[in-house]
Amino acid sequence: MKRSVKLIAGNWKMNGQADGLAQARRLIEALVSEPTSSRVAVMPPATLVSRLAELASGSVVEVGGQDCRAEAAGAFTGDISAELLAEAGAALVILGHSERRQGHGETDADVSAKVEAALRAGLEPVICIGETLQEREAGRAIEVVRSQISGSLPMSLNGRAFAVAYEPVWAIGTGLTPTLEQIAEVHAAVRAALVEQLGEGGQAPLILYGGSVKPSNAAEILAVEEVGGALVGGASLKADDFLAIIRAA
Ligand code: PEP
């Protein structure tokens, strides 16, 4: 199956306070003057979603959230719902990022409930999976991502727009990346698991790679079979670096 349009998504995490909007403006202007054939998304902290959505309006840049709660509304101090993100102008939402799984104890079942919430609110979920270094060294990388797919992806995803991001935990923010062969092996296994779980509907979703993608390694990673784009953390904070990754797709 041909999936020609890649998705390059930038996860700002808890950054962007000082010059985030200026960087976003620079990114948007560059993509207006020299368009790209890829989809481009920026996931800023929740406080910047509406301002970024306003800035990006009419451009190719889509805006997303970094997490949401499963409930639509209620007494959940400090949390944000998929509906609130959508109302602020988000079109996508990252779910199950390893920093949420590890730092907030999120389980596959929690992620699955959040995916249902995203679909309910009309957001496109970008569902993160990936093994720890210990799991990789124990030869369990494929087993771990298969189990995360089975636990975090509800059947209601069938026929809906969503992406999976394979992010080895040990590659996030470390400068380390798997070999191209390792990326190809896991992406092939993720595709097979998606088809096992969702039938032919499992052929459609993009499988992004995430973990220390930068201008110097983006082209070779994005050329790997079944790599449908990238989820980029640190290198998405500077417009020039993020643009170089987008241009490498
Ligand atoms: C991420 O947090 O999703 C990520 C891939 O981070 P980095 O690119 O900084 O490794």
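Biologist: Two strands pair if DSSP finds at least two bridges between them, so which residue in β5 is the bridge partner of Ile-94?

Modeller: Val-126 is the partner of Ile-94 there. Helices (H or I, at least four residues) and strands (E, at least two) are DSSP runs, numbered from the N terminus.

Biologist: And what are we looking at, before I go on?

Modeller: It's a predicted model, where local features need pLDDT of at least 70 and side-chain atom pairs count only at pLDDT 80 or more, while totals for chains, interfaces and linings use all residues. Residues are numbered from 1 along each chain as its sequence is written, and side-chain values use heavy atoms, with hydrogens and water left out.

Biologist: Back to the sheet. How many bridges join β4 to β5?

Modeller: Four, and strands β4 and β5 (residues 124–129) run parallel. On β3 (residues 61–65), two bridges link that strand to β4, also in the parallel sense. Gly-65 has Val-93 of β4 as its bridge partner.

Biologist: How does the chain get from β3 to β4?

Modeller: Through helix α3 (residues 82–88), in a right-handed β-α-β crossover. Right-handed here means that, with the strands pointing away from the viewer, the path from the first strand over the helix to the second runs clockwise.

Biologist: Which β4 residues are on which side?

Modeller: In β4 (residues 92–95), Leu-92 and Ile-94 are on one side, Val-93 and Leu-95 on the other, and all are buried. Buried means under 20% relative accessible area, exposed over 50%, partly exposed in between (1.4 Å probe, protein chains only). In a regular strand the side chains alternate between the two faces of the sheet.

Biologist: OK, new topic: the ligand. Which residues are closest to the ligand?

Modeller: Lys-13, Glu-167, Gly-173, Ser-212 and Gly-233, out of 14 that surround the ligand. To count, a residue needs a heavy atom within 4 Å of the molecule. The shell has four nonpolar, eight polar and two charged residues. In that scheme Ala, Val, Leu, Ile, Met, Phe, Trp, Tyr, Cys and Pro are nonpolar, Asp, Glu, Lys and Arg are charged, and the others, Gly among them, are polar.

Biologist: How far is the polar side-chain atom of Glu-167 from a ligand oxygen atom?

Modeller: 2.7 Å. For Gly-233, a backbone N or O atom lies 2.8 Å from an oxygen atom of the ligand. Taken alone, the ligand exposes 290 Å², and the protein buries 95% of that. Those areas come from the Shrake-Rupley method with a 1.4 Å probe; for residues, only the protein chains shown count as cover.

Biologist: Ser-212 was on your list. What's its phi?

Modeller: About 60 degrees, so positive, although Ser-212 is not a glycine. Most residues other than glycine have a negative phi. Ser-212 sits in the loop between β7 (206–210) and α9 (218–222), and is buried at a relative accessible area of 16%.

Biologist: Last bit: where does Asp-67 lie?

Modeller: In the loop between β3 and α3. Asp-67 is buried, at 15% relative accessible area, and its side chain makes a polar contact of 3.2 Å with that of Arg-100. A polar contact is a pair of N or O atoms within 3.5 Å; within protein, one must be able to donate a hydrogen and the other to accept it, and residues adjacent in sequence count only if both atoms are side-chain atoms.

Biologist: And Asp-240, buried or partly exposed?

Modeller: Partly exposed, at 44%. Asp-240 lies in helix α10, and its side chain has a 2.8 Å polar contact with the side chain of Arg-26.

Methods
Pairing = 2+ DSSP bridges.
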